[in-house]
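Student: I would like a close look at one part of this protein, followed by how that part sits in the whole. Please keep to what can be read from the model.

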Amino acid sequence: MKKIILTGDRPTGRLHIGHYVGSLRNRVTLQNGGGFDEINILIADAQALTDNAHNPEKVRANIINVALDYLSVGIDPAKSNIIVQSAVPELTELTFYYANLVSVARLQRNPTVKSELQMRQFGEGIPVGFFTYPISQAADITAFRATTVPAGEDQEPMLEQTREIVRSFNKTYNCDVLVEPEILLPDTEASMRLPGTDGKEKMSKSLGNCIYLSDEPDDIKKKIMGMYTDPGHLHVEDPGKVEGNTVFTYLDAFAKPEHFAAFLPEYQDLDELKDHYRRGGLGDIKVKRFLNEVLQETLRPIRERRHEFEKDIAYVYDVLKAGTDKGRESAARTLHDVKDAMKINYFEDKALIAEQQKEFNAAAAQRKAQEERKARQRASQKK
Ligand code: TRP
């Protein structure tokens, strides 16, 4: 079986370093590792509209931002298809058919939907589109017959629900058209869930605690210097905690041995630095300055590549158009097979006309036979 990747992001803002360690960095490694037959990356604008229906302008403006972020981290359009979701109507069609295999109760149990509903406080009620977006995400994943979905752990409930839909579809229509996907999680704890600069559990635009891939050097520095550390570590000589200390969590996610060699040669690696912090005698400012060097070093080439791509926005849209066209071909093949399995491809179904004609003919023959019987009965009664 072909190994196929599908993953994606909602275009509601620029991507930040949480996206980077949680997913983008891994995508580039997978792309360049050559272990996959096909890589599809979806800019999920239709999904973004499920809770931005009154604000399509925001989605419209951020498709380019997400595309630029992809290209700048090293997604290569020659190796990966970047696809705009709303331009693949086959996804919407699949969603509509899958929706018949999912209960309202099952959607209500989806933990990601649950927590998002809590966060969003929909004024006039929950939009049906938002409530059912896990079904649309199952369509995204299955349309490309993805075997592998690199994503953060918050997407696990979506994958679980997708697998259920796949099993239900294949069983109901007695086929093996749909493929059960697996999630591919980031490989370190720190990458799994990068907290915001304020120490809050998640980096999120609405909390204002993000470092964006496109941030300028001064912004990055300012954000790092204002970061949350260990509140019990008041004086340099105090012993400090590294667990739950955001500066160290970021170092876990980003620092490499070569960063120590270049910027902090008195320590060999992060373990040594952590040990010193725990013992006491290591100030927050020094650790933050080091983190600043590490992040500046990591983000500089990304930002510079972004600025290059920003010079030719028409090219970026050409990339999206080409990726979308390719993606549509895969999705159309799957939709075709899905309708085939459901036997709702009426005009292509060669057997349909003959089969139904035969049934109608049989019924007509039966009617005729019955009439003849009745006629014979009437005739014999008259005698
Ligand atoms: N739900 C994902 C997010 O909020 C975006 C997304 C849409 C996605 N379709 C997908 C992720 C398919 C993985 C696979 O970021």
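Which side chain makes a polar contact with the side chain of Asp9?

Tutor: The side chain of Arg27 does, at 3.0 Å from that of Asp9. The model is a predicted one, and the distances below are computed from it.

Asp9 belongs to strand β1, which covers residues 4–9. Its relative accessible area is 11%, so Asp9 counts as buried, the cut-off being under 20%. Setting aside neighbours within four places in sequence, Asp9 is in contact with Arg27 and also with His19, Leu42, Ile43, Ala44 and Tyr70.

One of these contacts, Ala44, leads to the ligand, as Ala44 is also among the residues around the ligand. The others listed there are Leu6, Thr7, Gly8, Arg10, Gln47, Gln137, Asp140, Ile141, Val149 and Gln155. Three side chains place an N or O atom at a short listed distance from a ligand nitrogen: Gln47 at 2.8 Å, Gln137 at 2.9 Å and Asp140 at 2.9 Å. On its own the ligand has 370 Å² of accessible area, and the protein covers 89% of that. Two elements give two or more residues to the shell around the ligand, namely β1 and α8 (133–143).

Gln85 touches several of the residues named so far. Gln85 sits in the loop between β3 (81–84) and α4 (89–98). With a relative accessibility of 4%, Gln85 is buried. Beyond four places in sequence, Gln85 touches Leu42, Ile43 and Ala44, and those three residues are in contact with Asp9 as well. Gln85 also touches Gln47 and Asp140, both of which are in the shell around the ligand. The remaining contacts of Gln85 are Asp45, Ala46, Leu91 and Ser136. For Asp45 there is a polar pairing: its backbone nitrogen lies 3.4 Å from a polar atom of the Gln85 side chain.

Now the wider setting. The chain is divided into domain 1 (4–194 + 313–342), domain 2 (217–307) and domain 3 (349–383). The centres of domain 2 and domain 3, taken over C-alpha atoms, are separated by 86 Å.

The largest nonpolar core has 57 residues, and Ile17, Leu251 and Leu273 touch the most other members. Helix α3 (residues 56–73) gives the most to this core, with 8 residues. Domain 1 (4–194 + 313–342) and domain 2 (217–307) each supply at least three residues to this core. Ile17 touches Leu194, Met203, Ile211, Leu213, Tyr250, Phe254, Leu295 and Leu299, not counting residues up to four places away in sequence. A second, separate core holds 33 residues, including Leu42, Leu94, Ala139 and Leu159. Leu42 is the residue already met as a contact of Asp9 and of Gln85.

Two of the Ile17 contacts, Tyr250 and Phe254, are in helix α12, where they are listed as buried. Helix α12 (residues 246–254) has 8 of its 9 residues buried, so the helix is largely enclosed by the rest of the structure. Its other buried residues are Thr246, Val247, Phe248, Thr249, Leu251 and Ala253.

Arg289 offers a contrast in burial. Arg289 is in helix α15 (residues 284–310) and is exposed, with a relative accessible area of 52%. Between the C-alpha atoms of Arg289 and Gly123 there are 44 Å in space, and the two residues are 166 apart in sequence.

Terms used: Residues numbered from 1 in each chain as written. Predicted model: local features only at pLDDT ≥ 70, side-chain atom pairs only at ≥ 80, totals over all residues. Heavy atoms only, no water. Helix = DSSP H or I, 4+ residues; strand = E, 2+ residues; numbered from the N terminus. Buried < 20%, exposed > 50% of the residue type's maximum accessible area, 1.4 Å probe, protein only. Domains from an automatic or database assignment. Core = buried A, V, L, I, M, F, W, Y, C linked by side-chain atoms within 4.5 Å. Contact = heavy atoms within 4.5 Å. Polar contact = N/O pair within 3.5 Å; in protein donor to acceptor, adjacent residues only side chain to side chain. Near = heavy atom within 4 Å. Areas by Shrake-Rupley, 256 points an atom, 1.4 Å probe, with all protein chains shown as cover.
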